[in-house]
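Subject: Structure for you to look at

Dear colleague,

I am passing on the structure we spoke about, with some notes on what was found in it. Please open it alongside this message and follow the residues as they come up.

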2 protein chains.
Amino acid sequence: MEGNARSLKRIIDGVKPVDEQWVEKARERTAALLMPSRALGRLHEISERICGIRETLTPSVERKAVIVMAGDHGVVSEGVSAYPQEITGEMVRTFLLGGAGINVIARHVGAEVWVVDMGIIPLLDPLSLENGHRLIVRKIGRGTANFTTGPAMGSGEAEAAILAGFRFASTVLEGGIDILGTGDMGIGNTTASSAVGAVITGAKIHEMVGRGTGVDDEGLRRKQDAIRRGLEINRPDPSSAIDVLTKVGGYEIGGIAGAILAGAVHRRPVVIDGLISTAGALVAHLLCPRVVDYLFAGHRSEERGHGVMLSHLGLEPVLDLGMRLGEGTGAALAMGIIEATVRVFREVLTFEEAGVPGKSA
Amino acid sequence: MEGNARSLKRIIDGVKPVDEQWVEKARERTAALLMPSRALGRLHEISERICGIRETLTPSVERKAVIVMAGDHGVVSEGVSAYPQEITGEMVRTFLLGGAGINVIARHVGAEVWVVDMGIIPLLDPLSLENGHRLIVRKIGRGTANFTTGPAMGSGEAEAAILAGFRFASTVLEGGIDILGTGDMGIGNTTASSAVGAVITGAKIHEMVGRGTGVDDEGLRRKQDAIRRGLEINRPDPSSAIDVLTKVGGYEIGGIAGAILAGAVHRRPVVIDGLISTAGALVAHLLCPRVVDYLFAGHRSEERGHGVMLSHLGLEPVLDLGMRLGEGTGAALAMGIIEATVRVFREVLTFEEAGVPGKSA
């Protein structure tokens with residue numbers, strides 16, 4: 001076994017299941033809170049699962065970080081995106097300047113934003129950029145290859161992408177972050193993510209492919225056709241996460257899978273965003289099914305296929321607002337809701353503390 | 001025309017429609033933002049409508065208040081609630097102490113909480129209570145009458161309740177509040193709200209009535225039966241908001257209707273909560289259909305009937321999390337999302353500002 005594969009196996013072995021006894025204790029506290037039984041619906045399940053993840057009845061999700069993984073995609077040359085490939089690098093610069101959607105929402109919920117160059121085409125030098133310390137260069141390659149003519153990357157690159165994501169996210173978590181959000185940037189990455197989703201969930205291509213950043217009918221047909229050809233020529237093995245990532249994935253999708261594994265190993269909740277983050281989650285889940293215990297779906301994307309992916313993972317999204325921006329915006333927005341429910345769990349008085357009698361006999 | 005009725009008419013005449021030209025200008029700015037066209041889905045509609053309401057392209061919803069209207073209900077003697085009536089007053093005390101769900105969520109989103117005694121049974125003296133300045137006593141009566149044996153209140157009381165809610169909310173708004181949330185407390189008030197909802201929307205009683213704070217099957221039958229008898233004996237006129245509120249409403253429902261009118265008159269967004277707030281919105285809407293331009297549905301309650309009410313008003317909820325606590329919790333939680341989208345609208349760079357080219361030709 002190669003070194004990277006061995007490291008990955010060690011990581012996977014390090015993911016422990018969430019302790020149901022803590023979830024049960026949390027449910028008991030919820031039942032004592034000054035409100036009708038489970039009156040906050042799904043919010044209670046969120047706070048209780050976080051108690052299980054953190055093994056405490058006083059969890060905190062105050063210190064938040066969103067990691068935006070960026071990568072370019074060779075499949076763009078098939079005309080699958082409404083935007084030119086240069087936008088990927090331009091958006092990375094904008095993230096550092098604090099002017100994009102994810103920056104604003106992260107500021108609003110109190111999350112820091114890190115940008116990881118997992119494999120964009122331009123060579124950005126953090127030292128020469130404003131707020132360059134927020135850009136982490138872990139370039140696996142300068143964009144993937146066009147998967148309609150062969151694999152998107154080498155299998156060694158796929159493993160390296162996951163490990164790079166794992167290691168950077170681990171550093172962030174070890175710095176004291178309570179909750180991690182995943183985000184993405186990469187022109188063409190809804191095509192790669194839909195391909196990953198179709199292979200892993202077994203769904204039909206037309207069920208998985210949407211308009212991404214907004215292609216027209218002709219662009220949508222080109223996307224579906226590119227994925228069909230990519231799957232035919234590459235025949236990815238749906239039981240192998242590395243093979244799927246290698247054949248039709250993306251560097252940032254691998255990085256997100258690694259960040260999710262880091263959350264699980266470090267026992268921290270991870271909030272995933274839309275289609276691309278969830279493709280990363282499918283890869284992480286295929287490597288290690290237990291990661292879902294640590295995952296929260298920030299929102300249901302407007303992008304077709306996202307709902308199929310979430311169902312495959314058994315995740316119910318926090319928000320459903322027709323968003324399809326990516327960048328981690330849905331994850332960051334949901335973090336505010338998740339923090340609210342954790343605070344309710346901790347700060348609402350119990351019937352006993354408030355001296356209020358309970359239900360009528 | 002009596003004085004109160006005349007005041008009410010003046011208020012209604014003071015509600016102006018939202019200026020669609022400002023909404024259109026806001027849509028133009030959204031289109032220039034550094035993201036694919038309308039990539040944040042329904043969030044854009046929220047920020048654009050707030051631009052219309054405030055007649056500006058730089059709106060703020062930073063200064064937030066939730067007004068919790070409290071009242072008691074005579075219909076509780078029909079066995080319609082899982083909790084004793086004393087809970088209403090106890091919860092009012094807890095709101096002042098800051099220990100209830102609404103307090104925690106309001107703290108989280110940065111909203112102040114005001115509690116209005118619209119007609120609870122106990123005589124609470126603000127001067128003798130901790131944080132008593134947060135309790136506003138506008139007691140219309142000491143609980144409504146049991147509507148299964150006659151009207152819940154006099155028609156003069158119904159008008160007085162709306163006016164009291166209008167006046168207090170106006171004071172809050174004139175104090176510099178940008179966005180108002182409505183909340184409620186009152187054992188028995190899901191029964192009154194379901195009755196109001198059935199009359200105004202024309203829905204069947206069984207479509208409107210849910211388990212409230214958690215009655216069992218027998219309690220649910222008692223609720224439905226109480227409403228059936230209440231509607232038979234009182235025959236509320238579905239075209240008259242005052243008649244509906246008088247016959248089967250509640251003091252806090254009237255107060256909420258008044259607060260909504262205040263938001264519309266003062267041209268501020270109002271975020272409504274669940275079943276009880278939306279019953280108040282139905283009353284306000286029947287008085288003045290234009291108020292819906294100013295309304296945002298914070299969430300879809302788990303309580304049966306709430307969805308019917310929202311459809312009647314043409315409102316799409318921000319959140320859908322199976323909540324059914326009331327107190328304004330769903331409204332407050334949604335305020336955080338609404339503030340995020342307003343900040344995105346203002347703070348995200350345009351393509352031009354970021355120097356990023358747009359879509360491919």
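Leaving aside its neighbours within four places in sequence, which residues is His44(A) in contact with? Before the reply, please keep in mind that this is a predicted model. With those sequence neighbours set aside, His44(A) is in contact with Thr30(A), Met35(A), Arg38(A), Ala39(A) and Thr341(A). His44(A) itself belongs to helix H3 of chain A, which covers residues 42-54, and because its relative accessible area is 3%, under the 20% cut-off, the residue counts as buried. You may also wish to look at Ile338(A), which is 294 residues away from His44(A) along the chain, while the C-alpha atoms of the two are separated by 9.9 Å.

Another residue to examine in chain A is Thr190(A), which lies in helix H7, residues 189-201. Its relative accessibility is 15%, and therefore Thr190(A) is also classed as buried. Apart from neighbours within four places in sequence, Thr190(A) has contacts with Gly212(A), Lys223(A), Leu275(A), Ile276(A) and Glu303(A).

Turning to chain B, the axes of helix H6 (residues 155-174) and helix H10 (residues 241-248) come within 8 Å and cross at roughly 110°. That angle falls in the range from 65 to 115 degrees, so H6(B) is roughly perpendicular to H10(B). On the side of H6(B), the contact is made by Ser155(B), Ala158(B), Glu159(B) and Ile162(B), and on the side of H10(B) by Ile242(B), Leu245(B) and Thr246(B). Sorted by class, this contact of H6(B) with H10(B) has 4 nonpolar, 2 polar and 1 charged residues.

Finally, there is the interface between the two chains. How many residues does the contact take from chain B and from chain A? The contact takes 53 residues from chain B and 53 residues from chain A, and the area buried between chain B and chain A is about 4600 Å², with carbon and sulfur atoms giving 66% of that area. Within chain B, the residues that lose the most area to chain A are Tyr83(B), His108(B) and Leu321(B), which together account for 14% of what that side buries. Across the interface of chain B and chain A there are 2 salt bridges, and you can also find a salt bridge in which the side chains of Glu347(B) and Arg107(A) meet, at 3.0 Å from N to O.

With best wishes

Notes:
Residues are numbered from 1 along each chain as its sequence is written. Chains are lettered from A and ligands numbered from 1 in the order in which they are written. This is a predicted model: local features need pLDDT of at least 70, side-chain atom pairs count only at pLDDT 80 or more; totals for chains, interfaces and linings use all residues. Side-chain values use heavy atoms; hydrogens and water are left out. Helices (H or I, at least four residues) and strands (E, at least two) are DSSP runs, numbered from the N terminus. Buried means under 20% relative accessible area, exposed over 50%, partly exposed in between (1.4 Å probe, protein chains only). Contact means heavy atoms within 4.5 Å. Axes are lines fitted to C-alpha atoms, for helices over the stretch in contact, and angles run from 0 to 180 degrees between N-to-C directions. Angles under 35 degrees count as roughly parallel, over 145 as roughly antiparallel, 65 to 115 as roughly perpendicular and the rest as oblique. Ala, Val, Leu, Ile, Met, Phe, Trp, Tyr, Cys and Pro count as nonpolar, Asp, Glu, Lys and Arg as charged, and the others, Gly among them, as polar. Buried area is the accessible area (1.4 Å probe) that two parts lose on being put together, summed over both. A salt bridge is a side-chain nitrogen of Lys or Arg within 4 Å of a carboxyl oxygen of Asp or Glu.
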